[in-house]
Structures are given as structure tokens and as C-alpha cells.
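Open the model in your viewer and keep the sequence panel in sight. The tour below gives selections in order, with a note on what to look for at each stop.

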Amino acid sequence: MASVTILLLGMLFTVRGTRAQSVTQPDDHITVSEGNSLELRCNFSYSGTPYLFWYVQYPSQGLQLLLKDITRDTLVEGIKGFEAEFNKSETSFHLRKPSAHFSDSAVYFCAVS
């Protein structure tokens, strides 16, 4: 069975008049077997109203927006079967997919602005 390797990097965007403090993706990388579920964790510290994003960068390609939450929905659906859960009390925005595929091997970025 093939393995899917996911690399994780956090990003912050600062916007005039607001203060982004930090974005943390606790895992540097994860490896899951194809067909298994995956979770990419993202925690943030932000004063104000956060706008949350997940980006993906596939090999030899540029960044692509995977999903965004600008309405503070609890569950946000993205492309390719990904979804993210916004948890205000835990200041987290974890990305999930119920069944990983080899084509999901990429670098994933969590961002807040």
C-alpha cells in the first residue's frame, strides 16, 4: 500500500489595522497510508476577527487555495474532499480528509489574516 507524505508550513498575513500574532502547525510532516484519513493541525493566536485559509503546493506547481473561512463557519468544505473545522475556543483550524490519496502528497500551508 502506498504512503502519502504531507509537509506542513505555517504562514501569517498581517493586515493594516490588525495584528496577526502566530500560526502554528505542530507537525513538520505526516505520513499516512493511502485510503486512511488524515488530519493536518493548525493553531493560531490572533487579536481581532480571523480570516482563515489552507493552501496547498503540489510538486513543481505554485500555491493553490484549498479552502477559506471568512464567515467563521464551524465546518468549511474545500476542494478535492478536504474540509476544515474552525474551533474558536481552541483557536484551531484543522484540515481533514476522510481518505488520503497518493495525489495528496504536497506541502500544505495554514494562514490567518
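Select Lys-97 first: its relative accessibility is 7%, so Lys-97 counts as buried (under 20% relative accessible area, with over 50% being exposed and partly exposed in between; 1.4 Å probe, protein chains only). This is a predicted model, in which local features need pLDDT of at least 70 and side-chain atom pairs pLDDT 80 or more, while totals for chains, interfaces and linings use all residues. Residues are numbered from 1 along each chain as its sequence is written, and side-chain values use heavy atoms, without hydrogens and water.

Lys-97 belongs to strand 10 (residues 92-97); strands are DSSP runs of E, at least two residues, numbered from the N terminus.

Next, add Asp-104. The side chains of Lys-97 and Asp-104 make a polar contact of 2.9 Å (N or O atoms within 3.5 Å; within protein, one able to donate a hydrogen and the other to accept it, and residues adjacent in sequence counting only if both atoms are side-chain atoms). Now show Lys-80: its backbone oxygen is 2.9 Å from a polar atom of the Lys-97 side chain.

To fill in the surroundings, select Ser-37, Leu-38, Gly-81 and Phe-82, which are among the residues in contact with Lys-97 beyond four places in sequence (heavy atoms within 4.5 Å).

Move on to Cys-42 and Cys-110, which are joined by a disulfide with an S to S distance of 1.8 Å (cysteine sulfur atoms within 2.5 Å). Cys-42 sits in the loop between strand 4 (38-40) and strand 5 (43-47), and Cys-110 in strand 11 (residues 106-112), 68 residues apart. Both cysteines, Cys-42 and Cys-110, are buried. The torsion about their S-S bond is about -70°, so the disulfide is left-handed.

Key
Helices (H or I, at least four residues) and strands (E, at least two) are DSSP runs, numbered from the N terminus.
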